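Dear colleague,

I am passing on the structure we spoke about, and I would be glad if you kept it open while you read the notes that follow it.

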Amino acid sequence: MTQEKTPLITDEMRAHVGKESEPFTLEVDKTSIRMFARAVGHTDPIFYDEAAAKAAGYRSLVVPPGYLGTPVYNPRAGGRRGFDIGPQPSRPLTRVLNGGTDIEYFDDICAGDVLTARSHVASYEEREGSIGQMLITTTKTVYTNQDGKVVAIMTGTSIRY
């Protein structure tokens, strides 16, 4: 006799898909660009030397791949950055894996830029794996610069089981 499993994805979760978070602000500064570039092993001078960055056609130091600024702490938000993980699945899932992060860039992001980001759940998917039921959540975060131009979209995937 097979036992039917309760779906993990609830109606509340389905209703949450596409709802934008409160915006949060990220600042892009030279020190953070240099620290990130150094930490991940980038050696291109455009991440360290402003003259080299300008000679390459940038306004200032350019952000290295994977860095999208430092979130500005908002004490009124209680330390949260505006992204609500939303409703929970029908039963608790105790383990989480990072399923990957993709960042699509649409324009240069340079030192001095101030980005505004808004996130939303793009989809929930339920799969059965060798370890049992898994919930795959895809989120998207859209980054706009101080001129209101979309400069990047980050897509993140988490796997809960």
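In this predicted model, the chain has three helices and six strands, and if you follow the sequence from its beginning you meet them in the pattern α-β-α-α-β-β-β-β-β.

The overall dimensions deserve a careful look. The radius of gyration of the chain is 19 Å, whereas a compact globule of 161 residues would have a value near 15 Å. Along the principal axes, the C-alpha atoms fill a box of roughly 70 × 35 × 25 Å. Of the 161 residues, 34% are buried, and the chain exposes about 9900 Å², with 51% of that area supplied by carbon and sulfur atoms. If you consider the contacts between residues at least 6 apart in sequence, you will find that 70% of them join residues at least 24 apart. As for charge, the chain carries 18 positive and 20 negative side chains, and the centres of these two sets lie 4 Å apart.

I then looked at two threonines in more detail, and you may like to find each of them in the structure as you read.

The first of my two examples is threonine 141, which belongs to strand β5, a strand that covers residues 132-144. Is threonine 141 buried or exposed? Its relative accessibility is 6%, and because buried means under 20%, threonine 141 counts as buried. The side chain of threonine 141 also makes a polar contact, at 2.6 Å, with the side chain of serine 119. Leaving aside residues up to four places away in sequence, threonine 141 touches Phe24, Ala117, Arg118, Ser119, Ala152, Ile153 and Met154, so that Ser119 appears both in this list and as the polar partner, where the definition of contact is heavy atoms within 4.5 Å.

The other example is threonine 10, which lies in the segment before α1, the helix formed by residues 11-16. Threonine 10 has a relative accessible area of 16%, and it is therefore buried as well, since the limit for that word is under 20%. Which residue does the side chain of threonine 10 meet in a polar contact? The partner is the side chain of glutamate 12, at 3.3 Å. When residues up to four places away in sequence are not counted, threonine 10 touches Gln88, Pro89 and Ser90.

With best wishes

Methods
Residues numbered from 1 in each chain as written. Predicted model: local features only at pLDDT ≥ 70, side-chain atom pairs only at ≥ 80, totals over all residues. Heavy atoms only, no water. Helix = DSSP H or I, 4+ residues; strand = E, 2+ residues; numbered from the N terminus. Buried < 20%, exposed > 50% of the residue type's maximum accessible area, 1.4 Å probe, protein only. Polar contact = N/O pair within 3.5 Å; in protein donor to acceptor, adjacent residues only side chain to side chain. Rg over C-alpha atoms; globule rule 2.2 N^0.38 Å. Areas by Shrake-Rupley, 256 points an atom, 1.4 Å probe, with all protein chains shown as cover. Lys, Arg positive; Asp, Glu negative; His and termini not counted. Charge placed at Lys NZ, Arg CZ, Asp CG, Glu CD.
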